[in-house]
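Reader: I would like to learn how to read surface patches, cores and single contacts in a model. Please take me through them.

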Amino acid sequence: MATSGEQSERVGTVRWATFAGVCVVALVWAAYSVGAQNGSFLTQDFGAQYHLAEITAHGAIPLVDFEHGWNAGSFWVNAALYAIASGSPTIWYFLWGRLLGAGLGAVLAAAIGLRLRLHPAVMIALALGVLLLATPLHIKYTICLLWVFVLLPTGWLESRPRLAAAARVLLPALVFWQYVELAVLLTGASGLFELFARRAARWRTRILNCVQLAGGFVLGLVVQAVVYKVLWGLSFADFNRQVILGQTETHEGSQYAVWNFFDLPTESGRFFILALYPFALLIPFVPLVWQRISDSTRLIALAGLVLVVVPIRRVDNPHTTTVSALVLLAVVLAVAELYERRIPPTESRPRPVIALPLAALGAAWAAATLWIGFGLQSMLGAVLLVTLAIAGAVLGALGWNKHGLRGATAAVSAGALVVLGGVPALAAVDHLDDMRRDAKSFAVSDSIARWAGPEYERCSAGTREALVMPNYLELYDALEITNPTPYYLFHYDFAQYEDVLVPQLEDGSIPVIVETMPLHTPQPWLTDAIRANYVPCSVVRIEKQATTVTIWTHKSRGSIERRDLSVRGGEIVPTR
């Protein structure tokens with residue numbers, strides 16, 4: 001893997017074959033991850049986008065006929081996808097969400113691997129990570145990957161200054177037409193890269209690149225304003241209100257979420273992305289890491305860093321996952337490059353008495369960046385997070401460039417990495433403890449034992465042998481009973497035991513049956529045998545748990561009083 005501007009190695013057949021394989025896998029995943037959309041789909045956020053695509057396809061003028069946080073070009077793209085889908089919500093969502101979201105995101109990740117001449121295994125890791133872990137929700141967030149793919153400071157683009165200049169102007173303009181927020185954030189990220197992260201270029205070149213990026217953003221704004229003025233007579237004041245000021249007004253007075261590392265929402269199986277995102281975000285900015293990664297990885301890391309505004313606004317899986325793709329790419333590339341550029345054992349190391357304070361300094365930097373950036377309920381938190389991250393990386397790089405301070409930089413980095421790895425590890429342990437204390441694993445079984453236990457004692461006349469079916473096998477311990485049969489799981493092929501079990505049901509070898517719920521798989525032979533040889537001694541309905549327990553006793557045990565009871569408000573009363 002070569003550094004920025006040094007890729008002279010050919011892509012090669014293996015990398016192209018890997019890329020083709022990623023394209024096929026992305027298409028298959030996109031298709032098979034889509035279910036048939038039902039009516040509820042059209043009442044949610046995706047349904048709103050579908051409706052806006054529909055009315056745009058039928059002639060509505062974006063930003064005039066309706067206001068929305070996105071921009072004109074996105075509606076026209078949406079309308080084109082609606083037309084291709086012939087109005088089908090399922091096909092439209094496949095195109096807009098899955099194929100051009102996660103699917104194209106994985107393809108772009110592999111394409112970045114091609115441009116950087118990565119090992120095929122790293123290319124696959126990038127693509128699968130984007131496809132399965134840090135998944136762009138839809139076409140909007142694929143633009144982030146497209147941005148860094150086009151502007152990677154490496155290879156053929158860097159060797160063609162005019163082409164590179166055109167890309168820096170046209171890309172912000174085109175993205176502005178699609179999504180104003182992303183145009184602002186990504187243009188800012190590229191500007192930060194030029195000022196603080198690019199190494200080889202002269203300052204004159206860096207400043208010129210920043211001017212080109214800013215010019216592209218202004219170009220997108222001016223061209224769109226002129227188009228709306230000429231074609232639809234929209235004044236610049238109204239255009240500005242809807243495109244720029246309208247978006248800021250949408251979030252006026254809104255609260256930025258506090259990211260509690262030890263108490264995150266757990267509504268989804270992707271909770272771990274919420275737990276790791278803040279720490280993975282800063283790994284490329286640890287001084288030792290920052291110094292040894294390529295300019296391309298720096299650009300990707302900075303683009304991922306400025307997008308932190310999106311999940312901080314709403315701490316949930318969809319918003320965090322969808323902007324994590326760049327963070328994932330930056331971390332994977334950093335690991336690959338650190339492995340390739342391992343520090344020689346002869347590098348200077350500080351004495352332990354000096355190393356500990358330096359490590360504490362690194363830990364303080366990481367902790368302060370996390371605490372301030374994710375703790376302030378204000379846009380200022382995101383700004384300070386970006387500032388502190390870049391400051392730590394740049395100052396650390398300055399120390400590394402002086403040979404005598406390299407050991408100090410390593411010590412500072414070690415302290416930072418302890419925080420970036422230690423805090424989520426401690427949070428995981430704390431989370432497991434919370435789940436252990438809060439879990440209701442045996443709530444239903446405990447409730448059954450409490451309320452149906454006395455009825456079992458009455459119905460069983462003291463026998464400790466009974467069959468619990470089909471679930472809540474914890475009742476054997478809770479009621480201190482044993483199973484007179486070797487059977488516990490009433491699975492779909494349980495009928496193979498009919499010849500053995502039916503005679504036991506008939507002769508009373510099983511004196512009592514505790515039925516906790518209907519069988520998951522119907523077993524007519526079993527239920528018929530129970531009804532023919534047993535009587536329901538007691539029915540206990542536990543309303544809080546939505547559970548009904550029936551205690552059956554064998555007919556041979558004689559006449560027993562039958563009861564039908566209900567548990568309401570902590571009391572057991574006759575069912576009415």
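Author: What follows goes from the surface to the cores and then to single residues. This is a predicted model, where local features need pLDDT of at least 70, side-chain atom pairs count only at pLDDT 80 or more, and totals for chains, interfaces and linings use all residues. Residues are numbered from 1 along each chain as its sequence is written, and side-chain values use heavy atoms, with hydrogens and water left out.

Reader: Which residues form a nonpolar patch on the surface?

Author: Patches are made of residues with over 30% relative accessible area and no salt bridge; nonpolar side chains (Val, Leu, Ile, Met, Phe, Trp, Tyr) are joined within 5 Å, like charges within 9 Å. A salt bridge puts a side-chain nitrogen of Lys or Arg within 4 Å of a carboxyl oxygen of Asp or Glu. Areas come from the Shrake-Rupley method with a 1.4 Å probe, and for residues only the protein chains shown count as cover. Here the patch is Val25, Ile124, Leu128, Leu132, Leu133, Phe272 and Leu276, with about 570 Å² of accessible area together.

Reader: Which elements give two or more residues to the patch?

Author: Helices are DSSP runs of H or I, at least four residues, numbered from the N terminus. Helix H5 (120–132) and helix H12 (271–282) do so. H5 gives the most, with three residues.

Reader: Is Val25 buried, exposed or partly exposed, and where is Val25 found?

Author: Buried means under 20% relative accessible area, exposed over 50%, partly exposed in between (1.4 Å probe, protein chains only). Val25 is found in helix H1 (residues 13–32). Val25 counts as partly exposed because its relative accessibility is 42%.

Reader: What of the cores?

Author: In soluble globular proteins, nonpolar side chains tend to be buried together. A nonpolar core is a set of buried Ala, Val, Leu, Ile, Met, Phe, Trp, Tyr and Cys residues joined through side-chain atoms within 4.5 Å. The largest has 129 residues; Trp92, Leu182, Phe285, Ile300, Leu305 and Phe374 touch the most other members. Helix H4 (residues 89–115) gives the most to this core, with 14 residues. A second, separate core of 38 residues includes Ala452, Phe490, Phe494 and Leu526.

Reader: Why does Thr485 count as buried, and what does Thr485 touch?

Author: Thr485 is buried because its relative accessibility is 5%. Contact means heavy atoms within 4.5 Å. Not counting residues up to four places away in sequence, Thr485 touches Leu467, Leu501, Gln504 and Ile510.
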